[in-house]
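This report is a guided reading for someone who is new to protein structures. Please keep the sequence and the model side by side while you read, and look up each residue as it is named.

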Amino acid sequence: MDHDGDGIDDILSGSYDPGDVWLFRGLGKGRYEKGRVLTDENGVAIVHHPVELVRYHELKQKAGGEEDDKTIQARVASFGSWPAPVDWDADGDLDLLIGSFGGRIYLRTNVGTRNEPKYAGDSTEIGITVPQHAAPVVADWNGDGKWDLVVGAGDGSVTWYQNTGEAGKPAFGKGAVLVAAKADGKFLRQYLASGQAAEPGVRAQVCVADYDLDGKLDLLVGDYSDVKELRPDLSPAEKTELDRLATLERELLADAKKNKDALAEITKKRERFCTGEAVRRSHVWLYRRTGP
């Protein structure tokens, strides 16, 4: 994205702890300046919870420091940031949406200009919430000329929120699921035989693009999973039991919150079929759009 309107692409990146938004300003020809934390009009690092961040910096200087409960709570409030630039109020400059660890999305209005962005000190919720790790992307998904939001979530789902508002006054109704949830939260353990390919995981990080240049927007989705290898000496009965557990899990995921304990029990039962320690893995998946 071109953060400062100079015709050169820049890189805008969120972070996890304590959730600062970083700018890597483009210099052209694939070169970038050293990254720096963006700050708002008050000089505070841009996060989705600015008041709590200021409080955190105050508290960590006092007795108890980083380990004090109040300090930790203030720090955790701003955890995780997934930024998405957009001209929210249709005034010609780029404002900033920030997805949060808790699943809500916040707005930082640009009170500067297109070429010299300056972001408001206030952070405002826009009314969209997903199951943790809200990762918003701005795209005109249905081709009606208005930008929409495509949002990845901690449970691996991707949801499209159609913009039904007007220029300068975006509005969003109930989302339409584009990619189904893969777990009941931001953790997923996959159990694979040696050489078996993994399946899509959780913590969906989305890129909307016409990947195959057929005129339709596709989804590229990054993910995360813990992977454990199944024992090579599984008996036919054990393999049958694993298949049964996998089928049951898919059924329970239809109402993951209600079935949380049952899903945890399935994970526990699978452990006896495994060998070795879990390995963290991430992949990028292509969801090619075939419909209109």
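The text below moves from the whole chain to its core, and then to selected strands, helices and loops.

## The chain as a whole

The model shown here is predicted. The protein chain contains four helices and 18 strands, and its C-alpha trace spans about 65 × 60 × 40 Å along the principal axes. Of the 292 residues in the protein chain, 43% are buried. The chain exposes about 15,500 Å², and carbon and sulfur atoms supply 51% of that area. If we consider contacts between residues at least 6 apart in sequence, 48% of them join residues at least 24 apart.

## The largest nonpolar core

In soluble globular proteins, nonpolar side chains tend to be buried together. The largest nonpolar core in this model has 16 residues, and the members that touch the most others are Trp88, Leu97, Ile126 and Leu149. At least two residues of this core come from each of the strands β6 (81–86), β8 (104–108), β9 (124–129) and β11 (148–152). Which residues does isoleucine 126 touch, once those up to four places away in sequence are set aside? They are Trp88, Leu97, Ile105, Tyr106, Leu107 and Leu149.

## Strands and their partners

An open sheet is formed by three strands in the order β1-β2-β5, with antiparallel pairing. Strands β1 (11–13) and β5 (36–37) stand at the edges with a single partner strand each, so one side of each is left without a neighbour in the sheet. Three bridges connect β1 with β2 (residues 22–24), and within this part of the structure isoleucine 11 is found opposite phenylalanine 24 of β2. The loop between β1 and β2 holds proline 18, and the peptide bond leading from aspartate 17 to proline 18 is cis, with omega near 5 degrees.

Strand β10 (residues 135–139) is largely enclosed by the rest of the structure, because four of its five residues are buried. Strands β10 and β11 run antiparallel and are joined by five bridges, with alanine 139 placed opposite aspartate 148 of β11.

## A buried arginine

Arginine 108 belongs to strand β8. Is this residue buried or exposed? Arginine 108 is buried, with a relative accessible area of 0%. Its side chain reaches two backbone oxygens, that of valine 47 at 3.0 Å and that of alanine 120 at 2.9 Å.

## Two helices and what they pack against

In helix α1 (residues 50–59), the buried residues are Pro50, Leu53, Tyr56 and Leu59, and the buried residues of this helix pack against α2 (69–76) and β8.

In helix α4 (residues 260–270), Leu263, Ile266 and Arg270 are buried. These residues cover an arc of only 55 degrees around the axis, which means that they lie on the same side of α4. The face turned away from that buried side carries the exposed residues Lys260, Asp261 and Lys268. The partners against which the buried residues of α4 pack are β14, α3 (236–252) and β17 (274–281).

## Loop residues

Three loop residues can be set beside one another, with the place and the relative accessible area of each.

| Residue | Place | Relative accessible area |
|---|---|---|
| Glutamine 132 | loop between β9 and β10 | 27%, partly exposed |
| Histidine 133 | loop between β9 and β10 | 3%, buried |
| Lysine 186 | loop between β13 (176–179) and β14 (189–192) | 14%, buried |

Lysine 186 counts as buried because its 14% relative accessibility falls under the 20% cut-off. For glutamine 132, phi is near 65 degrees, which is a positive value in a residue other than glycine. Histidine 133, again a residue other than glycine, also has a positive phi, near 50 degrees.

The contacts of lysine 186, leaving aside its neighbours within four places in sequence, are with Phe101, Gln132, His133, Gly154, Val202, Arg203 and Tyr224. Glutamine 132 and histidine 133 from the table are therefore among the residues that lysine 186 touches, where contact is taken as heavy atoms within 4.5 Å. Lysine 186 and glutamate 199 are 13 residues apart in sequence, and their C-alpha atoms are 15 Å apart in space.

Terms used. Residues are numbered from 1 along each chain as its sequence is written. This is a predicted model: local features need pLDDT of at least 70, side-chain atom pairs count only at pLDDT 80 or more; totals for chains, interfaces and linings use all residues. Side-chain values use heavy atoms; hydrogens and water are left out. A nonpolar core is a set of buried Ala, Val, Leu, Ile, Met, Phe, Trp, Tyr and Cys residues joined through side-chain atoms within 4.5 Å. Buried means under 20% relative accessible area, exposed over 50%, partly exposed in between (1.4 Å probe, protein chains only). Two strands pair if DSSP finds at least two bridges between them. A polar contact is a pair of N or O atoms within 3.5 Å; within protein, one must be able to donate a hydrogen and the other to accept it, and residues adjacent in sequence count only if both atoms are side-chain atoms. Accessible areas come from the Shrake-Rupley method with a 1.4 Å probe; for residues, only the protein chains shown count as cover. The arc is that of the directions from the helix axis to the C-beta atoms.
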